[in-house]
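Let's take a walk through a protein model together. Keep the picture open while you read, and find each piece as it comes up.

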Amino acid sequence: MPTTTVAAKKRLAWRPLQRSTRVAIIGALLATMFYQLFLLNPAYRGPIWLWTAMLLAEGLTALHAIGTWWTILAHDDRPEPVNATVWRNRLRAGAAPPTIDVFITAYGEAPELVRRTVVAARDMELAHQTWVLDDGRSDDLARVCDEEGVGYLRREGRAHAKAGNVNAALASTSGEYVVIFDADHVPEPNFLIEVLPHFQDSDVAFVQSPQYYINRVNLVSRGSAEAQRIFYELVCPGKNRFNAAFCVGTNVMFRRSALDEIGGIATGSNSEDIWTSLRLHRRGWKSTYVPQVLARGLAPQDVATYFKQQLRWASGGFEVLLRGRLFRRGTGLTVDQRLQYLFTGTHYLLSVAMLTFMLLPATYLLFGLSPIRADGWTWAAHYLPFYFMVLLVTWLQSGGFKASAIVASIGAAPVHARALWATLRNRPAVWRATNAGSGARSLWVVMSHVALLTLNATAIAVGLAVMADPPPTWLSAAWAAMHVVILGRMVIEAVAGGPAVDDTIAHEREEQSRSAVGVASVPSMTR
């Protein structure tokens, strides 16, 4: 009987879960159709403007859910190409690697935080040259680079932010391959030797590995880390199946000739990483996603920093959605790639649907207006199966729900709406390094949350006092109360602030020490 490999065991462990998930998805699709047909029935239509808002919100939610399910089910569990394994073995045996430049982008981060990344990058296996690209023009950071024996580059001006910083470094270096790390993402020693062999396919332009946050020290950082886990563990392997994995700006290796072909990292966008990926895919280049944690970074630690990050990411997603010409003929993208880039934009567009759902209960409680004219039992008979099946599929695919992720996700909805409005007006988001000046307390950044909270709390009080129709009133009050709790938790987090970066570094070192005792290898992003 042949010996079962580790990879085969992982695939065998994954498939039964997928079979159960497929059954749940079929049920969810049927429930979605059942509910959508109910919403479209003219007999149940309420005020046209309110009904239209609800229909668009529910339709967008269903569309994106189906797209996400489809992507996750396409999970790429194909074994690594034999040529990549052979090349890695040769490198481990002492074969000379191609020339590699490692870029660490910096802009205002604490020099000692950057030093951790510098030392780890410098000491990675395989010969390479490490460079710090300092857009903050810090003499202290220049001193750190000199002490650690790595290159230091400082350009004139700060045009095009991070993208311009990297492009300036590309013009000053010549390595055949280029690696990019954010200043707070510390690579593992084996990063290069794990990633480089995937370029055995001459059509691969870049290889992306996950972002992994280790500083889960409060609600914001825990919620961010969980969202990243779901994206990199569940969604990215599906995107990889469709040759639609995109660069996320850090923990990535590029083939320099591919970047040269498109003129370097894309500029003039809030998300230079996804636009760079889009340009490369349009030129026929391939991308590869490696589901191994090969670098560990820091999540946002306070609400203000988290919102700035979300504003930037959402703006980039909306730019691709609105200006990416995804479905224009002759763009060089496959149908699968077009859809995967579309889902990037609709992910953030879900926040507009969430804001609609936040307003609907208050609309009924305050004014007696409902988008659906049906008694409570009729509505529940159509809605609850849909809601339950969506939750079941989400639970099966993500491995459960975490309150921090729910609060962080819903709490970012007003910010995503602001990003949509800014994109429609062609107003770029301001770039700022994650956790640069973290720990801030601010009520101002959650004023929209305070307004929504006040609206829902007032609606609950008015609705319960009037009590025109008990069943829908209690149901609307329950939904409004849930929104009050979630929004209130985000407001509390904003007022409380986050821990200082120095405290986070100490916490990270403690976590790494524990991991070193209990874990002997780098984790992979598999179930």
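## Salt bridges that reach across the chain

A salt bridge, as the term is used here, is a side-chain nitrogen of Lys or Arg within 4 Å of a carboxyl oxygen of Asp or Glu. Keep in mind that this is a predicted model. By that rule, the count comes to 22 salt bridges. Take arginine 92 and glutamate 194: they form one, and their closest N and O atoms are 3.1 Å apart. This pair links distant parts of the chain, since arginine 92 sits in helix H3 and glutamate 194 in helix H7 (residues 191-195), 102 residues apart. Glutamate 194 has 10% relative accessibility, so it counts as buried.

Another long-range pair is arginine 241 with aspartate 76, where the closest N and O atoms are 4.0 Å apart. Arginine 241 is in helix H8, while aspartate 76 is in the loop between helix H2 (48-73) and helix H3 (82-92), and 165 residues separate the two. Are these two partners buried or partly exposed? Arginine 241 counts as partly exposed at 33% relative accessibility, and aspartate 76 counts as buried at 13%.

## A network of charges

Now look for glutamate 148 and arginine 122, whose side chains meet in a salt bridge (2.8 Å, N to O). Glutamate 148 lies in helix H5 and arginine 122 in helix H4, so the pair ties together parts that are 26 residues apart in sequence. Glutamate 148 is buried, with a relative accessible area of 15%, whereas arginine 122 is partly exposed at 30%.

These two have company. Glu112, Arg115, Arg122, Asp123, Glu147 and Glu148 are linked in a network of salt bridges.

## The seven-strand sheet

Next up is the sheet. Seven strands make an open sheet in the order S3-S2-S1-S4-S7-S6-S8, and the pairing is mixed. S3 and strand S8 (286-289) are the edge strands, each pairing on one side only. From one strand to the next, the twist averages 20 degrees.

Zoom in on S1 (residues 100-106), which runs parallel to S2 and is joined to S2 by six bridges. Within this pairing, valine 102 has threonine 130 as its bridge partner, and alanine 106 stands opposite aspartate 134. Getting from S1 to S2, the chain passes through helix H4 (residues 111-122), and this β-α-β crossover is right-handed. S1 also has six bridges to strand S4 (residues 177-182), again parallel, with phenylalanine 103 standing opposite isoleucine 180.

## How covered are the strands?

In a regular strand the side chains alternate between the two faces of the sheet. Which residues sit on each face of S1? Ile100, Val102, Ile104 and Ala106 are on one side, with Asp101, Phe103 and Thr105 on the other, and all are buried. That fits the count of seven buried residues out of seven for S1.

Strand S2 (residues 129-134) has five of its six residues buried, so it is largely enclosed by the rest of the structure. S2 also pairs with strand S3 (residues 151-153), in the parallel sense, over three bridges. One of the partnerships there is leucine 133 with leucine 153 in S3. The chain goes from S2 through helix H5 (residues 139-148) to S3, in another β-α-β crossover that is right-handed.

## Two unusual backbone angles

Most residues other than glycine have a negative phi, and most peptide bonds are trans. Histidine 160 has a positive phi near 65 degrees, and you'll find histidine 160 in the loop between S3 and helix H6 (161-172).

Asparagine 243 also has a positive phi, about 55 degrees, although it is not a glycine. Look for asparagine 243 in the loop between helix H8 (219-241) and strand S7 (252-255). Asparagine 243 is partly exposed, with a relative accessible area of 22%.

## Further along the chain

Phenylalanine 307 lies in helix H11 (residues 303-323) and counts as buried at 5% relative accessibility. Phenylalanine 307 and proline 414 are 107 residues apart in sequence, and their C-alpha atoms are 9.4 Å apart in space.

Finally, check the surface. Tyr387, Leu391, Trp395, Phe401 and Ile406 make a nonpolar patch of about 440 Å². Helix H13 (residues 376-398) gives the most to this patch, with three residues. Tyrosine 387 is in helix H13, and at 30% relative accessibility tyrosine 387 counts as partly exposed.

Note on methods
Residues numbered from 1 in each chain as written. Predicted model: local features only at pLDDT ≥ 70, side-chain atom pairs only at ≥ 80, totals over all residues. Heavy atoms only, no water. Buried < 20%, exposed > 50% of the residue type's maximum accessible area, 1.4 Å probe, protein only. Helix = DSSP H or I, 4+ residues; strand = E, 2+ residues; numbered from the N terminus. Pairing = 2+ DSSP bridges. Right-handed = clockwise from strand over helix to strand, strands pointing away. Patch = residues over 30% accessible without salt bridge, like charges linked within 9 Å, V, L, I, M, F, W, Y side chains within 5 Å. Areas by Shrake-Rupley, 256 points an atom, 1.4 Å probe, with all protein chains shown as cover. Axes fitted to C-alpha atoms, helices over the stretch in contact; angles between N-to-C directions.
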